[in-house]
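Opening the notebook on a new model today. I want to go through the sheet, a helix pair and the core, and jot down what I find.

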Amino acid sequence: MKIKTYLTSLLIITLINGFGQQKQRPVEQLINKEDPGWPLVLEWAKKAINPVEILSADSANARQALYDIQVTTRSPMGAIVFMSGGILIDHGWIRILGSGNARLTRALSAWRKTIQLKVSKTGTPLLVVADDAIGGIFVLNDGSLGNDPGKIYYLAPDTLEFEALDLGYSDFLIFCFNNDLDKFYEGYRWKSWKEEISKMSGDSVIGFYPYLWTKEGKEIEKNSRRVIPVAEYYEFVVDFRAQLGLGK
C-alpha cells in the first residue's frame, strides 16, 4: 500500500507539472485493468467512520473527464474520476470531485479550467480536488504554495489563506473518510447544519454574513446564511483575496 501511495504521488506530481503540456494519451491507455485503484477506494469507503456517499458516473462523461485529467485509473484520483460522479462526505459537507453527477455536476478536470483559482507566483490554475459546504477549498500544490508539490492545501474560509495539510491525495481521502471532522471544523458547525447541508446541491455553498474571516463572523450561530452557487463564491474569493493582497 505504501508503494502504491508513492506511485500515486509521482503520477500526481507529473499531472500538476505537465497539465496541458504533455501529449494526450487515449482513454484506453489510462484505464488500468491489471491493478485498478477503485477497489482500494471502495475498501476505504466501506471502512469509513464518516458517512460516505459515492455518486454514480455517466460513462461518456467519465471517459471525457479521465482523458482531460490524464491520470491512470491505477491511482485513486483517476479511479474516482472514471468510476464515480464524485463522493459526498458527512451528509455532503465535503464534496470530492469526480466526473460529475446531477447532484455534483462539476468534473475535476473541467472545474480547473472553469474556475481560475490562481496564485501569483506561477499564474497556473490550481487543481481543485474537493471543497466543503462552508467555502473551504482543497487544492493540489503545484509548487507555488510551498516546497511540497503534490500535497493538499486548504484555502480556509475563515482566513482566505492556503494552509498546508501535509497530505497527499490518497491520505486526503482517508482523512475525509476517517478524521474527526467535528474537530477539524470546530466552531464552524451550527446546530442545524446536517439538515441544511443534506438538502444542498454539491454545486452550492453557504454564504455567511458577516464573513467568516471577520471577527464578527466567528460567532457562527449569529451569522446570517444563504445558499449561493459555488462558482459565484469562488469568483468572490478570488476577487477578495486580490483586494486583500493575499497570494502575492
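My entries follow, one topic at a time.

**Entry 1, the sheet.** Reminder to self: this is a predicted model. I looked up the strand order first and got an open sheet of seven strands, S1-S2-S3-S4-S5-S6-S7, with antiparallel pairing. The edges are S1 (52-55) and S7 (162-164), each of which pairs on one side only. I also checked the twist: ignoring direction, neighbouring strands are turned by 25° against each other on average.

**Entry 2, around S5.** I zoomed in on S5 (residues 137-140) and its partners. S4 (residues 127-132) pairs with S5 in the antiparallel sense over four bridges. On the other pairing, S5 and S6 (residues 152-155) are also joined in the antiparallel sense, over four bridges. Leu 140 shows up in both lookups: Leu 140 is the bridge partner of Leu 127, and in S6 the bridge partner of Leu 140 is Ile 152. The S4 and S5 hairpin has four residues between the strands, and Gly 135 there takes a positive phi near 100°.

Which way do the S5 side chains point? Ile 137 and Val 139 go one way, Phe 138 and Leu 140 the other, and all are buried. That fits the textbook picture, in which side chains of a regular strand alternate between the two faces of the sheet.

**Entry 3, H4 against H5.** Next I pulled up the helix pair. H4 (residues 59-69) and H5 (residues 76-83) pack at an angle of about 150°, with their axes 7 Å apart. Since angles over 145 degrees count as roughly antiparallel, H4 is roughly antiparallel to H5. Ala 62, Arg 63, Ala 65 and Leu 66 of H4 meet Gly 78, Val 81 and Phe 82 of H5. By type, the residues of this contact split into five nonpolar, one polar and one charged.

How many of the eight H5 residues are buried? Seven, so I'd call H5 mostly covered. They are Pro 76, Met 77, Gly 78, Ala 79, Ile 80, Val 81 and Phe 82.

**Entry 4, the core.** The largest nonpolar core has 77 residues, and the members touching the most others are Ile 94, Ile 96, Val 129, Phe 138, Val 139, Phe 172 and Trp 190. H7 (residues 169-178) gives the most to this core, with six residues. I then listed contacts for Ile 94, skipping residues up to four places away in sequence: among them are Ile 87, Leu 88, Ala 130, Phe 138, Cys 176, Leu 181 and Tyr 185. Asp 131 and Asp 132 are on that list too.

Note on methods
Residues numbered from 1 in each chain as written. Predicted model: local features only at pLDDT ≥ 70, side-chain atom pairs only at ≥ 80, totals over all residues. Heavy atoms only, no water. Buried < 20%, exposed > 50% of the residue type's maximum accessible area, 1.4 Å probe, protein only. Axes fitted to C-alpha atoms, helices over the stretch in contact; angles between N-to-C directions. Parallel < 35°, antiparallel > 145°, perpendicular 65-115°, else oblique. Contact = heavy atoms within 4.5 Å. Nonpolar A, V, L, I, M, F, W, Y, C, P; charged D, E, K, R; others polar. Pairing = 2+ DSSP bridges. Core = buried A, V, L, I, M, F, W, Y, C linked by side-chain atoms within 4.5 Å.
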